[in-house]
Amino acid sequence: MNTVSKSHAGHADRKIFLAGLYKLGRRNRQQENISRIGRIFEASWNEIYVYEVESLRFIQASKAALDNLGYTEEELVRMSLFDIEPELAHESFLDLAEPLLAGYETIVEFETLYRRKDGSSYPAEIRLQLSSVEDPPVFVALARDMTERKLAQEKTALMLAIIENASEGVFMSDKNGKILSINPAYTKITGYSFEEVVGLPPELLNVGWQDVEFYQRMWKSLKETGYWQGEIWNQRKNGEMYPEQLTLSSVAVDCGEAVYYVGLLSDLTERQRTKEYIHNLTHRDALTGLPNRILLNDRVQQALAQAARHGDKVAILFIDLDRFKVINETLGYAIGDYLLEMVAARLMECCSEDDTVARQGGDEFIILVPQLATQQDAASMAEKVVVALSSLYRIQDQELHITPSIGISIYPSDGLDEHSLMKHAETAMYHVKETSKNAYRFYAEEMDASARDRLDMENGLRHALERGEFLLHYQPQVDTKTGRITGAEALIRWQHPEKGLIPPGAFIPLTEETGLIVPVGEWVLRQACLQAKSWHDNGHLGLRVAVNLSGRQFFHGKLPETVSRILQETGLDPAALELELTESMLMQHTQETIATLEKLWQLGVYLSIDDFGTGY
């Protein structure tokens with residue numbers, strides 16, 4: 001009994017002894033492993049933490065981890081994970097670690113927030129694994145301070161937000177210049193979407209005024225200096241041209257070679273409009289929009305400088321409106337201002353693109369004609385102005401009539417500078433107002449010569465018809481589809497016995513002014529009908545003759561009767577006659593015009609509108 005008891009007692013003691021020895025061995029192995037891990041920790045630049053599985057108390061940490069947290073190792077081993085990770089609940093951690101504890105994951109990754117000893121916090125990226133080398137197993141966590149990365153991400157996100165919301169267009173291209181990305185402002189400015197531009201070089205989209213060599217120089221400068229900036233004209237997707245400020249920069253990597261290019265473009269349309277608006281305020285008349293005296297003087301100086309180099313002539317036409325003061329004072333300044341706008345428009349119609357129409361002030365206007373070939377060209381211009389400004393004006397149910405007085409000076413005979421030419425043209429204008437009005441005169445000796453010429457032409461016109469000095473030329477009218485001649489337009493010429501062949505622009509305005517246009521127009525109509533009847537008698541039955549009608553003819557009151565009589569006298573089929581009327585003529589005296597048109601239509605003649613779209 002005692003032996004057995006002793007035997008059993010000895011066995012129990014041995015078991016306790018062996019268990020204690022195992023625990024001691026395990027502790028020694030654990031300490032040995034920890035010591036080995038510690039040596040690794042000392043040499044590591046990473047933050048490494050070792051903590052117990054159940055209590056999550058720290059066992060050891062690397063020097064980098066201690067330095068970042070601000071704790072000593074003695075302080076940290078008395079703490080648990082919850083002391084540096086205050087927002088982490090035990091259940092939450094178990095959820096994160098469950099894949100490790102269950103054995104179906106070797107590593108889990110997550111982000112958390114660590115708190116330092118001084119109370120500050122930093123974001124940390126954790127790689128957690130379960131180390132079964134130790135007994136019991138422990139958690140080994142590799143932590144990475146994400147502060148710099150987070151700041152970089154926030155900075156990147158901020159930059160992207162700025163780019164996305166910027167009012168300037170931004171695009172990025174690769175080193176070959178092909179577009180990789182754009183921002184919404186780029187689409188808003190150019191009209192092109194990302195799908196339409198991706199993979200294309202920007203110059204293929206900038207179909208503006210720059211040629212291929214321009215873009216070659218631009219890219220060469222960009223690659224050599226890494227930067228280019230300039231103003232260019234570009235074209236939107238809808239075809240609209242617009243001014244653009246373009247800035248290009250290269251983006252290099254560590255090796256220093258540019259791998260990306262960033263472009264910044266700004267729409268300068270509003271700035272251009274503002275610039276033009278300010279320019280107009282100082283150089284344009286506020287009422288009519290015509291050049292004012294400042295801009296006119298500049299253009300006169302340029303025209304004179306060019307004329308001096310090339311031996312050209314320059315004409316200055318000084319125009320004053322007769323009776324404008326009476327209209328302005330009687331009907332009010334609003335009517336007067338509108339009348340001035342209409343005058344400005346008519347003057348513009350009289351001039352070419354090279355000429356300048358300016359408002360001198362009040363009811364005075366100036367026309368600058370550079371590169372004048374002959375003095376007669378200036379006279380022709382003045383005659384056009386007289387006819388244009390003398391025509392009827394309709395403003396708020398008011399029928400108004402004004403006439404111009406025009407003085408003309410010619411460079412270099414009447415002056416070598418703008419001051420002399422302006423003064424002499426004004427002098428000639430006053431001479432017209434004092435003598436006849438509704439006319440033009442040249443300055444000094446030329447003024448008298450012009451007056452004599454005009455008087456001689458008027459006297460010659462009164463006898464030209466009875467002397468048979470007028471003749472007609474016929475301009476063929478061709479069907480563009482078949483190439484067949486369908487008719488001809490009758491054009492009058494004056495075969496002057498001394499001056500030779502005179503074109504209609506030189507004498508028709510005078511016939512209008514003197515009223516001679518009525519008998520002259522009737523002669524033209526009769527001769528044209530006779531010619532058309534001759535064509536028909538010779539087998540050309542399909543030809544039609546076209547005759548221009550003047551305003552005085554149309555409103556003479558007997559036009560339908562005159563046309564009917566001439567058709568009967570000549571025997572011409574009415575369908576072979578085409579009467580051409582100007583648009584501005586038809587818009588006058590509407591009821592009377594409609595009645596006349598109906599009578600002409602009943603005769604069976606064709607009617608067409610000449611100068612369509614020039615006035616209404």
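**Exercise 1. Is Leu-56 buried or exposed, and what is its relative accessible area?**

Solution. The model is predicted: local features need pLDDT of at least 70, side-chain atom pairs count only at pLDDT 80 or more, and totals for chains, interfaces and linings use all residues. Residues are numbered from 1 along each chain as its sequence is written, and side-chain values use heavy atoms, with hydrogens and water left out.

Step 1. Buried means under 20% relative accessible area, exposed over 50%, and partly exposed in between, with a 1.4 Å probe and protein chains only.
Step 2. Leu-56 has a relative accessible area of 0%, so this residue is buried.
Step 3. Leu-56 sits in the loop between strand 1 (47–52) and strand 2 (58–61). Helices (H or I, at least four residues) and strands (E, at least two) are DSSP runs, numbered from the N terminus.
Step 4. For the whole chain of 616 residues, the buried share is 40%.

**Exercise 2. Find backbone exceptions in the loops.**

Solution.
Step 1. Most residues other than glycine have a negative phi, and most peptide bonds are trans.
Step 2. Leu-56, not a glycine, has a positive phi near 60°.
Step 3. Arg-323 also has a positive phi, about 70°; its loop runs between strand 11 (313–322) and helix 13 (324–331).
Step 4. The peptide bond from Tyr-411 to Pro-412 is cis, with omega near 10°. Pro-412 belongs to the loop between strand 16 (403–411) and helix 16 (418–435).

**Exercise 3. Describe the packing of helix 19 against helix 21.**

Solution.
Step 1. Two packed helices are described by the angle between their axes and the distance between the axes. Axes are lines fitted to C-alpha atoms, for helices over the stretch in contact, and angles run from 0 to 180 degrees between N-to-C directions.
Step 2. For helix 19 (residues 517–537) and helix 21 (residues 559–570), the axes come within 10 Å and cross at roughly 35°.
Step 3. The crossing is right-handed, meaning that the near helix is turned clockwise from the far one by less than a right angle.
Step 4. Contact means heavy atoms within 4.5 Å. Among the residues that meet are Leu-525, Cys-529 and Lys-533 from helix 19, and Val-563, Ile-566 and Glu-569 from helix 21.

**Exercise 4. Trace the largest nonpolar core.**

Solution.
Step 1. A nonpolar core is a set of buried Ala, Val, Leu, Ile, Met, Phe, Trp, Tyr and Cys residues joined through side-chain atoms within 4.5 Å.
Step 2. The largest one has 39 residues, and Val-563, Leu-577 and Leu-579 have the most contacts inside it. Helix 19 gives the largest share, seven residues.
Step 3. Neighbours within four places in sequence aside, Val-563 is in contact with Leu-525, Leu-577, Leu-579, Leu-600, Leu-603 and Val-605.
Step 4. Another core, of 38 residues, lies apart from the largest one and includes Ala-382 and Tyr-440.

**Exercise 5. Examine Glu-383 and His-536.**

Solution.
Step 1. Glu-383 is in helix 15 (residues 375–390) and counts as buried because its relative accessibility is 10%.
Step 2. The side chains of Glu-383 and Tyr-440 form a polar contact of 3.0 Å. Such a contact is a pair of N or O atoms within 3.5 Å; within protein, one must be able to donate a hydrogen and the other to accept it, and residues adjacent in sequence count only if both atoms are side-chain atoms.
Step 3. His-536 is in helix 19 and counts as buried at 13% relative accessibility.
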